[in-house]
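Welcome to this guided tour. Please open the structure in your viewer and get ready to select residues as we go.

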Amino acid sequence: MLIRLCLLGLILPAAWCFSSAATAADEVASFAVDQIELFEQDVVPILEANCLKCHAGAKPKGGLDLTSREGILKGGESGPAVDLSNVSESPLLKAVNYDGYEMPPTGQMSPKQIETLTKWVTDGLAWSKDGKPLHFEVPREAPAVNEETKKHWSFQPVRKPQVPELNSDWVKTEIDAFILAQLQEKALTPNPVADPRSLVRRAYYDLTGLPPAPEVVEAFAADPSPAAWSKLVDDLLESPHYGEQWGRHWLDLVRYAETNSYERDGVKPFVWRYRDYVIQSFNSDKPYNQFVTEQLAGDELPDAAPDSIVATGFYRLGRWDDEPADPELAYYDDLDDIVTTTGQSLLGLSINCARCHDHKIDPIPQADYYRMIAFFRGVRRYGVRSGESVLENSVTEIARPEEGVLHSAAMAQHERELKHIERELQNLEEKVKGDFSGVENDEFQFEVNRVRLIEKRKGGLLNENEVNHYRGLTDRRNQLRDNPPSGMAKALCVKEDVPGMKPTHILLRGNPGSPGDEVQPAFPSVLSPPSAEILSPPAGSSSGRRSALARWITSPENPLTSRVMVNRMWQFHFGRGIVRTTSDFGFQGSKPTHPELLDWLAARFVEDGWSMKSMHRLMMNSAAYQMSSEGRDDALAKDATNDSFWRYDMRRLSAEEVRDSILWANGTLHAERMYGPSVYTKIPDEVKAGQSQPGAGWGDSSAEDAARRSIYIHVKRSLLDPLLESFDMADTDQTCPVRFVTTQPTQALSLLNSQFILEQAELFSAMAAAAYPDSVEGQIRLALQRVTQRPATEADVIRGQQLIEALEK
């Protein structure tokens, strides 16, 4: 009998389970139509909105799964959620009524929702006829900061790996050893070296953004020795145009523009000095750690100099709303722009994604975002509402002599542009002066009245375009008068309000009106960083917080900074980064195709004193850089995307390179004119018509100044140069690590019949005709060599002659 009872004790629970399950199925089938409709139409939306976020999925909270009737009756760690024999004591109903448990924890449901759930439970917990569980996608939980997430490859310290030992004549530098080792693993072979003319062109565009002169190409083609190549690279790194090309890459990252965006899109005073600082820093091979430090905290340095003050213009490059509907929110938008740019461009992390909640992809808690915000909490807004506030908050005088080449060049350009504008204004004024009445002649003596008097003649003596042009010229003249070359002693910069600096709080859902816990400046915790050591700067006009941030970012122990920068340099030399997502080294970013090579380069970068020119030499003297870009069927079949770098990736010319090459080809580029205030190209009236005030804020530079390099063109956020915009110039509203490469009709049309291209083609034709007045063949050969940097073939010449003959018919 005892044995029988024991067996019965083992068997009965199982029998009861089967009986219970069968009963549950029978009950589902027996519910009335109106009860099922209540469940499907009213109850399910309540559960989805309030409950299933936590109580669904593979690991529901408390073990309670509310997606099935069986799960509700079974319950979780606290027992069944519904007791059909004693409905009023059901934990589910008590929880939604905040009797003991309080569910949902974000706030009690409405009385109507509670009434609906109560009726549903009281009527027996009706379910759909098929009895299937509810389908609900559980939101992905934000990854926690723990030992596991800290193991991510980019969060590890940089360790210099051993260079692979290979017996190969192809290997010229350590870079080649890493590349060849992976190629051999994948049974691939590297491409042969590119032809000498292609190599010269590649080097010139990569380092200067300009094509090589024909004589330079032919000299290297005659002696393509390793020594000649190394000398060519060294010469290009010493060219002043190197800083213009690589400075342009940096300006993309820091969202460089010269106006504020929004409706008025006002000009940023003296912002061009930051552009010049960047160009000069690259040309002088300023160590990268110093370059970064000056931009983050140049005003807090013990030996702060004019250049380091100008460098802090980094903080003033973003958009600025001069009339925000919510000033407090606008202030945090400005801070978010700084954190976004700093995090992505310097660290390769999208820290900004944790503004409203914990980062959904990377282990970056919301608290870490606001700890980063705390480093910038004392930074004054760019301005408040008026122009005076901008000068007070963001402009300072710097101790720079008014003599020197830079000032002289700026003075000469300033005077040239003013004289040119005055001539243009006078030409328009002459058309209407004869129409003035007696009193209007008197009024016209005062400049303040002239635009009004000119506008009265619109539709008569002057058309709408001429009136708009007059207004734009007047605005530009006034701007130049207000910013004479004496402004060389002023700079756009960062300023802090230390006495008025407020505590930093976590903002619930990113809302300034819902402050949470207070936080202090600290670095992203997933990187296991040291505590922020904040020292008071010598001047005492700043908090010292930004210096603490700069010291950590530029520390050799920082696992990201050197990796991110050498990866960017690799991108601009090889067409893509070792990590393709050059501003995202987080969980969603691409993994490095050559992780050991990346770490070796990062370590070497720091060992060489953070010298960018040394890194250029290392990369460009490698066999990998000098490979041909030709495709091979065997290699394409194994590695179509060139992940292993078996060939050199071709790239299109950038927007600036296209424009500068056109001007260089016809001999009109004024490349010798460097630095100083920006210039204005000719923009068609049809394009200007897209502005709220057509032509406002766009000047009219002389032909000589308009033919300067593209990096010196005024960057107005609401009115970009049409040619540059068509060819995918950088997004000016946010950091731009990689430019889009598009193929669109406006590109072809711009190079066929735009006003700019027609003028340049005419100049090119005149240049060729002057060189070979009696030889069409000579003109064709000259033109093709200037454009392609190689001698024209006989087939090229024949095609050119046939085209000219066809056009002349």
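## Stop one: Arg316

Start by selecting Arg316, which you will find in the loop between helix H13 (306-311) and helix H14 (327-347). Keep in mind on this tour that the model is predicted.

Which side chain of opposite charge is nearest to Arg316? It is Asp334, 6.9 Å away, and Arg316, although buried, has no salt bridge. A salt bridge needs the nitrogen and the carboxyl oxygen within 4 Å.

Now show the polar partners of Arg316. A polar atom of the Arg316 side chain lies 2.8 Å from the backbone oxygen of Arg380. The side chain of Ser394 makes a polar contact of 3.1 Å with the side chain of Arg316. Setting aside neighbours within four places in sequence, Arg316 is also in contact with residues including Lys268, Val379, Tyr382, Asn393, Leu492 and Lys495.

## Stop two: the cavities

Stay in this region and turn to empty space. Searching the whole structure gives 6 cavities of 30 Å³ or more. The largest cavity has a volume of about 160 Å³. It is lined by 17 residues, and those closest to its centre are Tyr315, Arg316, Asp334, Ile338 and Tyr382. Select these five to see Arg316 again, now as part of the lining.

## Stop three: Thr259

Next, select Thr259, in the loop between helix H10 (240-253) and helix H11 (272-283). Is Thr259 buried or exposed? Thr259 is buried, because its relative accessible area is 1%, and the cut-off for buried is under 20%.

Add Asp265 to the selection: its side chain and that of Thr259 are joined by a polar contact of 2.7 Å. Leaving out residues up to four places away in sequence, Thr259 touches Asp265, Gly266, Val267 and Lys268, and also His714, Val715, Lys716 and Arg717. Lys268 is worth keeping on screen, as it appears among the contacts of Arg316 too.

## Stop four: salt bridges

The whole structure holds 52 salt bridges; three of them make good stops.

Select Glu244 and Arg709 first. Their closest N and O atoms are 2.8 Å apart, forming a salt bridge. Glu244 belongs to helix H10 and Arg709 to the loop between helix H28 (703-706) and helix H29 (722-726), so this pair ties together parts 465 residues apart in sequence. Both residues are buried.

Move on to Glu443 and Arg452, whose side chains meet in a salt bridge of 3.4 Å, N to O. Glu443 is partly exposed, at 25% relative accessible area, and Arg452 also counts as partly exposed, at 38%.

Then pick Asp705 and Arg673, a salt bridge with its closest N and O atoms 2.9 Å apart. Asp705 sits in helix H28 and Arg673 in the loop between helix H26 (655-665) and helix H27 (685-688), 32 residues apart. Asp705 is buried, with a relative accessible area of 0%, whereas Arg673 is partly exposed at 21%. To finish this stop, select Glu244, Arg659, Asp660 and Arg709 together: salt bridges with shared partners join them into one network.

## Last stop: the whole view

Zoom out to the full protein, which has 33 helices and 4 strands. Its C-alpha atoms fill a box of roughly 125 × 85 × 70 Å along the principal axes. Of its 809 residues, 51% are buried. Among contacts between residues at least 6 apart in sequence, 70% join residues at least 24 apart.

Key
Residues numbered from 1 in each chain as written. Predicted model: local features only at pLDDT ≥ 70, side-chain atom pairs only at ≥ 80, totals over all residues. Heavy atoms only, no water. Helix = DSSP H or I, 4+ residues; strand = E, 2+ residues; numbered from the N terminus. Buried < 20%, exposed > 50% of the residue type's maximum accessible area, 1.4 Å probe, protein only. Lys, Arg positive; Asp, Glu negative; His and termini not counted. Polar contact = N/O pair within 3.5 Å; in protein donor to acceptor, adjacent residues only side chain to side chain. Contact = heavy atoms within 4.5 Å. 1 Å grid on protein atoms, 1.4 Å probe; cavity = no way out; pocket = protein on both sides within 12 Å on 5 of 7 lines; lining within 4 Å. Points joined across faces, edges and corners; volume = space filled by probe spheres on them.
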